[in-house]
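Good morning, everyone, and thank you for making room for me today. I would like to walk through one structure slowly, so please have it open in front of you while I talk.

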Amino acid sequence: MKTESSIQRIGLFGGTFNPVHLGHTMVVRAAVEELALNRLFIIPAARSPFKPEDEPAPGAARLEWLRLAFEDEPRCEIDAQEIERAGVSYTIDTVRDYAARFPEAELFYLIGADHVPTLPEWREATALADAVTFVVVPRPGELETGVAEFPPSFRGTVLRGKPVAVSASDLRERLRAGESIENFVPPAVAAALKVEHSY
Ligand code: ATP
């Protein structure tokens, strides 16, 4: 029989990561610690269902920046499956892959607080709600004001780690304007973006 402590706790962190930044690295550290995760997989989307018209930087570049950002982070792995599947990336497809690979694990799926009210519209929402525990990542200020309640049938918890005020869209604007991004991304990512930033 599996005891409580022998059940693996696996975190899944999806997003566009266009590019990865210190807001993401904070989320990863807080999630591993607060949720006592055994492993955390970071899964860049080929295309977000919420921004299907947007063409992010090439998948290979976003994967490389993620590798640089998390290479020294214990328990973290980068998963290229959504980039390899290509097209719009649906969370349920990725979650099913993990459920098949880790049938006994508890799966935690990290999402931004702004996505919580939209959960019932996600593809195969009922199956998704059954398969994972959601973990809401507050944006700056939201810990104080409180985050939206989960819609019925979705279950989850809220990350307590202190949010960092940075977004990938701000960074893309700074890069286009030729402004420095060093304070907002890990040093190795800043160096890589200097060579080729794709925006
Ligand atoms: P964009 O500005 O292009 O929309 P983003 O910075 O929000 O991008 P995503 O790749 O969409 O980055 O983020 C992946 C996940 O990380 C999402 O769940 C998002 O809510 C969360 N996230 C992004 N930035 C932060 C931040 N500064 N603090 C906490 N969570 C964040």
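Let me begin at a single pair of residues, where Gly11 stands opposite Leu40 in strand 2. That pair belongs to the place where strand 1 and strand 2 run parallel, joined by 6 bridges. Please keep in mind throughout that what you are looking at is a predicted model.

If you now turn to strand 4, you will find that strand 1 pairs with it as well, again in the parallel sense, over 5 bridges. Here Ile10 is the residue to look for, since it stands opposite Leu107 in strand 4. Strand 4, which covers residues 106–112, is in turn joined by 5 bridges to strand 5, residues 133–137, and these two strands run parallel. Within strand 5, Val137 is the residue that stands opposite Gly112.

For those who are new to this, strands of a sheet pair through backbone hydrogen bonds, and the pairing can be parallel or antiparallel. In what order, then, do the strands of this open sheet lie? The order is 3-2-1-4-5-6, which makes 6 strands with parallel pairing. The edges are formed by strand 3, at 76–78, and strand 6, at 156–158, each of which pairs on one side only. From one strand to the next, the twist averages 25 degrees.

Let us move on to the packing of the side chains. The largest nonpolar core holds 34 residues, and among those with the most contacts inside it are Phe13, Leu40, Ile42, Phe70 and Leu110. Several elements supply at least two residues each to this core, including helix 1 (22–34), strand 2 (39–44), helix 2 (59–70) and helix 8 (187–195). Leu110 is a good residue to click on, because setting aside residues up to four places away in sequence, it touches Leu12, Phe13, Val27, Ala31, Leu35, Leu40, Val135 and Val137. There is also a second, separate core, made of 23 residues, and it includes Ile43, Ile92, Phe134 and Val136.

Next comes the largest pocket, whose volume is about 910 Å³. Which residues of its lining lie nearest the centre? They are Gly14, Gly15, Thr16, His115 and Arg139, out of 43 lining residues. Among the elements that give two or more residues to this lining are strand 1 (9–15), helix 4 (91–101) and helix 7.

I would like to finish with the backbone in some of the loops. In the loop between strand 1 and helix 1 we find Pro19, and the peptide bond leading to Pro19 from Asn18 is cis, with omega near 0 degrees. In the loop between helix 1 and strand 2 lies Ala36, whose phi is near 50 degrees, a positive value in a residue other than glycine. Ala36 counts as partly exposed because its relative accessibility is 46%, and partly exposed covers the range between the 20% and 50% cut-offs.

Glu124, in the loop between strand 4 and helix 5, also has a positive phi, of about 50 degrees, although it is not a glycine. Its relative accessibility is 41%, so Glu124 counts as partly exposed.

Finally, is Thr126, in helix 5 (residues 125–131), buried or exposed? Thr126 counts as exposed, because its relative accessibility is 58%. Thr126 and Ile92 are 34 residues apart in sequence, with their C-alpha atoms 9.9 Å apart in space.

Note on methods. Residues numbered from 1 in each chain as written. Predicted model: local features only at pLDDT ≥ 70, side-chain atom pairs only at ≥ 80, totals over all residues. Heavy atoms only, no water. Pairing = 2+ DSSP bridges. Helix = DSSP H or I, 4+ residues; strand = E, 2+ residues; numbered from the N terminus. Axes fitted to C-alpha atoms, helices over the stretch in contact; angles between N-to-C directions. Core = buried A, V, L, I, M, F, W, Y, C linked by side-chain atoms within 4.5 Å. Buried < 20%, exposed > 50% of the residue type's maximum accessible area, 1.4 Å probe, protein only. Contact = heavy atoms within 4.5 Å. 1 Å grid on protein atoms, 1.4 Å probe; cavity = no way out; pocket = protein on both sides within 12 Å on 5 of 7 lines; lining within 4 Å. Points joined across faces, edges and corners; volume = space filled by probe spheres on them.
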